[in-house]
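Let's take a walk through this protein chain together. Have the sequence and the 3D view ready, and follow along as we go.

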Amino acid sequence: MPAPPPLVHNERVKLTAAAIDRLSTACVAAGFISPVVSLANGQIMISAFSLPIALSTMTWLFTALILHFAARRVLGKLRP
């Protein structure tokens, strides 16, 4: 099977990078925005904000960061 033309290849690469970056955005929403909203709504009390919640938030944010940089790396495969 012949290699796709550069335009087709580049669009596929951009689509893949965008999908990975959207996944990183979802990780931020799940790990950071949700706890902040819960805190603001009074569903989580400040005294109940514990180490497991902090570790979970840090894990989600770290995962989002890794996924974002993975998307940037995928974009490096664009052809001129």
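A good place to begin is V37, which sits in helix α1, the helix running over residues 6-41. Is V37 buried, partly exposed or exposed? Its relative accessibility is 42%, so V37 counts as partly exposed, because the class between buried and exposed runs from 20% to 50%. V37 also has partners on the surface: together with F32, I33 and V36 it makes a nonpolar patch of about 330 Å².

Before going further, please keep in mind that this is a predicted model. With that said, let's step back and look at the whole chain. Its secondary structure amounts to two helices and zero strands. How far does the C-alpha trace reach along its principal axes? The spans are about 60 × 20 × 20 Å. The radius of gyration fits into this picture: the chain has 18 Å, whereas a compact globule of 80 residues would have a value near 12 Å.

What share of the 80 residues is buried? Buried residues account for 18% of them. The accessible surface of the chain is about 6,000 Å², and carbon and sulfur atoms hold 72% of that. As for how the chain meets itself, take the contacts between residues at least 6 apart in sequence: 86% of these join residues at least 24 apart.

Now to the second helix. Helix α2 covers residues 51-75, which makes 25 residues. At 1.5 Å a residue, α2 should span 36 Å, and its end C-alpha atoms are indeed 36 Å apart, so expectation and model agree. Which residues of α2 are buried? They are T57, A64, L67, A71 and V74. Among the elements that cover these buried residues is α1.

You can see one place where the two helices meet by looking at S24. This serine is in helix α1, and with a relative accessibility of 6% it counts as buried, because the cut-off for buried is under 20%. Leaving aside residues up to four places away in sequence, what does S24 touch? Its contacts are A64, L67 and H68. Two of these names may look familiar, since A64 and L67 are among the buried residues of α2.

Further along helix α1 is another serine, S38. S38 has a relative accessibility of 17%, so it counts as buried too. Again setting aside residues up to four places away in sequence, S38 touches Q43 and I44.

Next, let's look at charge. How many salt bridges does the structure hold? There is one. It joins K14 to E11, and the closest N and O atoms of the pair are 2.9 Å apart. Why can such a pair form? Side chains of opposite charge can pair when their charged atoms come close. The setting in the helix is worth a look as well: K14 and E11 both lie in α1, three residues apart, about one turn of the helix. An α-helix has 3.6 residues a turn, so residues three or four places apart point the same way. Both partners count as partly exposed, K14 because its relative accessibility is 38% and E11 because its relative accessible area is 47%.

A few distances will help you get a feel for scale. V8 is in helix α1 and is partly exposed, as its relative accessible area is 34%. A19 belongs to α1 as well, and at 35% relative accessibility A19 counts as partly exposed. How far apart are the C-alpha atoms of V8 and A19? They are separated by 17 Å, with the two positions 11 residues apart along the chain. From A19 you can also look across to P52, 33 residues away along the chain, where the C-alpha separation is 29 Å.

Our last stop is P5, in the segment before α1. P5 has 47% relative accessibility and therefore counts as partly exposed. From P5 to A54 is a step of 49 residues along the chain, and their C-alpha atoms are separated by 47 Å.

Terms used: Residues numbered from 1 in each chain as written. Predicted model: local features only at pLDDT ≥ 70, side-chain atom pairs only at ≥ 80, totals over all residues. Heavy atoms only, no water. Helix = DSSP H or I, 4+ residues; strand = E, 2+ residues; numbered from the N terminus. Rg over C-alpha atoms; globule rule 2.2 N^0.38 Å. Buried < 20%, exposed > 50% of the residue type's maximum accessible area, 1.4 Å probe, protein only. Contact = heavy atoms within 4.5 Å. Areas by Shrake-Rupley, 256 points an atom, 1.4 Å probe, with all protein chains shown as cover. Patch = residues over 30% accessible without salt bridge, like charges linked within 9 Å, V, L, I, M, F, W, Y side chains within 5 Å. Salt bridge = Lys/Arg side-chain N within 4 Å of Asp/Glu carboxyl O. Expected span 1.5 Å × (residues − 1).
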